[in-house]
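Visitor: Could you take me through one part of this protein closely, beginning with the site that its database record marks and moving outward from there?

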Amino acid sequence: MWSTRARSFLSPLSFPHVDLVTETDKACEDLIFNHLRMLYPDHKFIGEETSAALGSTDDLTYDPTWIVDPLDGTTNFVHGFPFVCVSIGLTIGKIPTVAVVYNPIMNELFTAVRGKGAFLNGSPIKTSPQNELVKALMVTEVGTKRDKSTLDDTTNRINKLLFKIRSIRMCGSLALNMCGVACGRLDLCYEIGFGGPWDVAAGALILKEAGGFVFDPSGDEFDLMAQRMAGSNGHLKDQFIKALGDAS
């Protein structure tokens, strides 16, 4: 039933192949931004759909900034696959400070405030205790690009990583992937070339507050605007960085 309802939201805004935009994406972003602007008229806003319409992403400043993905997992939504969410993050001084990721289909609400811990439906969450890379479950995505060079790089990296870890999942929502590591369902995640800061602004804080690490796949410091991220539980960061380096 939900699959049929999801498909009913498709509009001429939907594009062929793998990059989809629905009326729901735009309607949700408008709803969220309009509400936040009433409460915080002096704050700044960065949204996936607004950035797509403008053809660029606003620079992140030190001002309080709401970064929103109104529907992370649009392809899942279109196909009726219930791994979708709304992702809302607030940065202050360029630092993620408040985070909300909500999957309305599964009724799972992940939240975090900097320095206050991470929660799922109000209960505290922590990353997994796994400390052996070979037993780790990793999640990643293949992205929307379909040129041969990108696909070769992606699949070659995955092939090499499969010799280092237990298994790999691809679930279609980076925000929920990060939350999956945060609550211990998964141990590792990484993605290169995702859409923008709206994909990671909330998930990065939730994962950190749950005791995990968020960093650049090279091992460098995580840059919210760089479209590159890797995350781990509290034990596997160094092993994962080495494995990613060996797989590059």
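Guide: What follows begins at the annotated site and then turns to the sheet, the helices and a few residues elsewhere in the chain.

The model is predicted, and the site itself comes from a record: in an unreviewed UniProt entry, the annotation "binding site" covers Glu48, Asp69, Leu71, Asp72 and Asp199. These residues span 152 residues in sequence, yet no two of their C-alpha atoms are more than 9.8 Å apart, so they gather at one spot.

Two of the annotated residues can be followed into strand 2. Leu71 lies in this strand, which covers residues 65-72, and Leu71 is buried, because its relative accessible area of 7% falls under the 20% limit for that class. Asp72 also belongs to strand 2, and Asp72 counts as buried at a relative accessibility of 7%. Leaving out residues up to four places away in sequence, Asp72 touches Phe83, Val84, Cys85, Ser173, Leu174, Ala175, Leu176 and Asp199; of these, Asp199 is itself covered by the annotation. With Ser173 there is also a polar contact, made from side chain to side chain at 2.8 Å.

One of the residues that Asp72 touches, Leu174, leads on to helix 6, which comprises residues 174-182. This helix lies across strand 8, strand 10, strand 11 and strand 12 (228-232), and it runs at about 155 degrees to strand 10. Those strands belong to an open sheet of five, arranged in the order 9-8-10-12-11 with mixed pairing. At the edges stand strand 9 (167-169) and strand 11 (213-215), each with a single partner strand, so one side of each is left without a neighbour in the sheet. From one strand to the next, the twist averages 20 degrees. Within this sheet, strand 8 (residues 137-139) and strand 10 (residues 188-192) pair in the parallel sense over two bridges, and Val139 stands opposite Cys189 in strand 10.

Helix 6 also meets helix 7 (residues 201-209), where the two axes come within 8 Å and cross at roughly 5 degrees. The two helices are therefore roughly parallel to each other, as the limit for that description is an angle under 35 degrees. On the side of helix 6 the contact is made by Met178, Cys179, Val181 and Ala182, and on the side of helix 7 by Gly203, Ala204, Ile206 and Leu207.

Returning to an earlier part of the chain, Thr91 is found in strand 3, which covers residues 85-92, and at 1% relative accessibility Thr91 counts as buried. Apart from neighbours within four places in sequence, Thr91 is in contact with Leu60, Asp63, Pro64, Thr65, Ile67, Pro96, Thr97 and Leu224; among them, Thr65 and Ile67 fall within residues 65-72, that is, strand 2.

Two loop residues deserve a look for their backbone angles. Lys94 sits in the loop between strand 3 and strand 4 (95-103) and has a positive phi of about 70 degrees although it is not a glycine; with a relative accessible area of 38%, Lys94 is partly exposed. Asn107 is placed in the loop between strand 4 and strand 5 (108-113), and its phi is near 55 degrees, again a positive value in a residue other than glycine. Asn107 is partly exposed too, with a relative accessible area of 48%.

Technical notes. Residues numbered from 1 in each chain as written. Predicted model: local features only at pLDDT ≥ 70, side-chain atom pairs only at ≥ 80, totals over all residues. Heavy atoms only, no water. UniProt positions renumbered as here; feature names shortened; annotations may be inferred. Helix = DSSP H or I, 4+ residues; strand = E, 2+ residues; numbered from the N terminus. Buried < 20%, exposed > 50% of the residue type's maximum accessible area, 1.4 Å probe, protein only. Contact = heavy atoms within 4.5 Å. Polar contact = N/O pair within 3.5 Å; in protein donor to acceptor, adjacent residues only side chain to side chain. Pairing = 2+ DSSP bridges. Axes fitted to C-alpha atoms, helices over the stretch in contact; angles between N-to-C directions. Parallel < 35°, antiparallel > 145°, perpendicular 65-115°, else oblique.
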